[in-house]
Amino acid sequence: PTYRLQNMKSSGQKPWVLPQPVLIIGTYNADGTPNAMNAAWGGQWDAKEIMICMGTHATTENLARCNEFTVAFATRDTMVASDFVGIVSAKNDPEKMQKTGWTAVKAENVDAPVFTDFPMTLECRILRKIDETPDGYNIVAEIVNILVDEKYVGADGKPDVEKMQLITYDPVHHGYLALGGRIGNAFTDGRKLNDELSYSEFKRKAREHQVKFREDILGVGYN
């Protein structure tokens, strides 16, 4: 363990949790026009809830008026426009959303836009705000419903995540990385180690039993 630590570079405190999502938050501006922002600090909070860290944005003001929003997941095809909505504010550019080329329709279950260019969208409603300050807050929101474009629904009727070509944010070098293909099966592949350990344990006990048998019955050692 000491050798390994000596060969590891210490980087101090950084926001480097990996991988980080590229979340597109959809809200309505005060004039009723759709707006979107890019957020990376977010994830699952509970089985039916998510958490997102918010700063001070036009989206933050929109959420103060209405506690409902949508969350889409950025892809290879939407990467450029997804980055754009993260660096340009609707406060400064009234044509922000037109420049993305995205199509927005009103969600059925919440008062927020759904951008149909994305394969999957969550319809959400804020449950509570945490650590609220003038610089922003963290929101915990209920997942009211999940919408999936039919093109990305698999034969089992569930979202085909691999087909979506989702991207992840690299906070170390400030880039976007494409997620790769499936490499295993959750809650299944790990059992192989348990099976192998069980087999090794069986062999060890069998060997011990043989040693004891030879010593007790035959009076000889076992090599």
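**Close-ups of a predicted model**

**View 1. Here are two cysteines, Cys124 and Cys66.** Cys124 is buried, at a relative accessible area of 0% (buried means under 20% relative accessible area, exposed over 50%, partly exposed in between, with a 1.4 Å probe and protein chains only). Cys66 counts as partly exposed, at 22% relative accessibility. The model is predicted, so local features need pLDDT of at least 70 and side-chain atom pairs count only at pLDDT 80 or more, while totals for chains, interfaces and linings use all residues. Residues are numbered from 1 along each chain as its sequence is written, and side-chain values use heavy atoms, leaving out hydrogens and water. As for disulfides (cysteine sulfur pairs within 2.5 Å), the count is zero.

**View 2. Seven strands make an open sheet.** Their order is 3-2-6-9-10-5-4, with antiparallel pairing (pairing takes at least two DSSP bridges between two strands; strands are DSSP runs of E, at least two residues, and helices of H or I, at least four, numbered from the N terminus). At the edges sit strand 3 (34–39) and strand 4 (42–46), each pairing on one side only. On average, neighbouring strands are turned by 35° against each other, direction ignored.

**View 3. Strand 4 meets strand 5 (residues 49–54).** The two pair in the antiparallel sense over four bridges. Gln44 has Ile50 of strand 5 as its bridge partner.

**View 4. Helix 3 (residues 79–87) packs on the sheet.** This helix touches strand 2 and strand 3 (contact means heavy atoms within 4.5 Å). Its direction makes about 95° with that of strand 3 (axes are lines fitted to C-alpha atoms, for helices over the stretch in contact, with angles from 0 to 180 degrees between N-to-C directions).
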